[in-house]
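Let's take a walk through a protein chain together. Have the sequence and the 3D view at hand, and go at your own pace.

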Amino acid sequence: MGNYNINKGIGRTVEFRGLKAQYLFIFAGGLLGTLILVMILYMAGVNSFVCLLLGSGGAALIIWQTFALNRKYGEHGLTKIAARKRHPRYIICRRSVRRCLICSAKSAVL
């Protein structure tokens, strides 16, 4: 009888054909959005050929861009970019230099 490792993937991130973590949600959401757009256009009476071109072009663009983001930024890259945007680039101190250098009476007592 063979031995099987049941819990082989615990602690590892979800991966599908090289796409990791949040890129899977971008990939699936983008393809779903493209499908819904094509269905709305088709029901609105747009030519079938135009719907097929928009659908296949949009899907190809989403697939290409998602894999490019995954390759460029890695597993936690989008989270790091979002965190970097929330932090200031530099800190501004609007107090005068003289005021920063003068010791206050409260700190001199200590």
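Which helix does Thr66 lie in? Thr66 sits in helix α2. Keep in mind that this is a predicted model.

**The whole chain**

Let's zoom out for a moment. The protein chain has 5 helices and 2 strands. Starting at the N terminus, the order of the elements is β-β-α-α-α-α-α. Of its 110 residues, 15% count as buried. The chain's accessible surface comes to about 9,900 Å², and carbon and sulfur atoms own 64% of that. If you take the contacts with a separation of 6 or more, 68% of them are between residues 24 or more positions apart.

**Helix α2**

Back to helix α2, which covers residues 48–73. This helix has 26 residues and reaches 37 Å from its first C-alpha to its last, close to the 38 Å you'd expect at 1.5 Å a residue. Just after α2 comes Gly74, with a positive phi of about 80°.

Which residues of α2 are buried? They are Cys51, Gly55, Gly58, Ala59, Ile62, Thr66 and Asn70. Try finding them in the view, with a handy rule in mind: an α-helix has 3.6 residues a turn, so residues three or four places apart point the same way. And what covers these buried residues of α2? The cover includes β2 (19–20) and α1.

Thr66 makes a good close-up. Why does Thr66 count as buried? Its relative accessibility is 2%, and buried means under 20%. Leaving aside residues up to four places away in sequence, Thr66 touches Leu19, Tyr23, Ile26 and Phe27.

**Helix α1**

Now hop over to helix α1, which spans residues 22–44. Gly33 is found in this helix. Gly33 and Gly58 are 25 residues apart in sequence, and their C-alpha atoms are 9.5 Å apart in space. Is Gly33 buried or partly exposed? Gly33 counts as partly exposed, because its relative accessibility is 36%.

Here are Thr66 and Gly33 side by side:

| Residue | Helix | Relative accessibility | Class |
|---|---|---|---|
| Thr66 | α2 | 2% | buried |
| Gly33 | α1 | 36% | partly exposed |

Helix α1 also contains Ile40. Ile40 joins Leu32, Leu35, Ile36 and Met39 in a nonpolar patch on the surface. How much accessible area do these patch residues have together? The total is about 470 Å².

Terms used. Residues numbered from 1 in each chain as written. Predicted model: local features only at pLDDT ≥ 70, side-chain atom pairs only at ≥ 80, totals over all residues. Heavy atoms only, no water. Helix = DSSP H or I, 4+ residues; strand = E, 2+ residues; numbered from the N terminus. Buried < 20%, exposed > 50% of the residue type's maximum accessible area, 1.4 Å probe, protein only. Contact = heavy atoms within 4.5 Å. Areas by Shrake-Rupley, 256 points an atom, 1.4 Å probe, with all protein chains shown as cover. Patch = residues over 30% accessible without salt bridge, like charges linked within 9 Å, V, L, I, M, F, W, Y side chains within 5 Å. Salt bridge = Lys/Arg side-chain N within 4 Å of Asp/Glu carboxyl O. Expected span 1.5 Å × (residues − 1).
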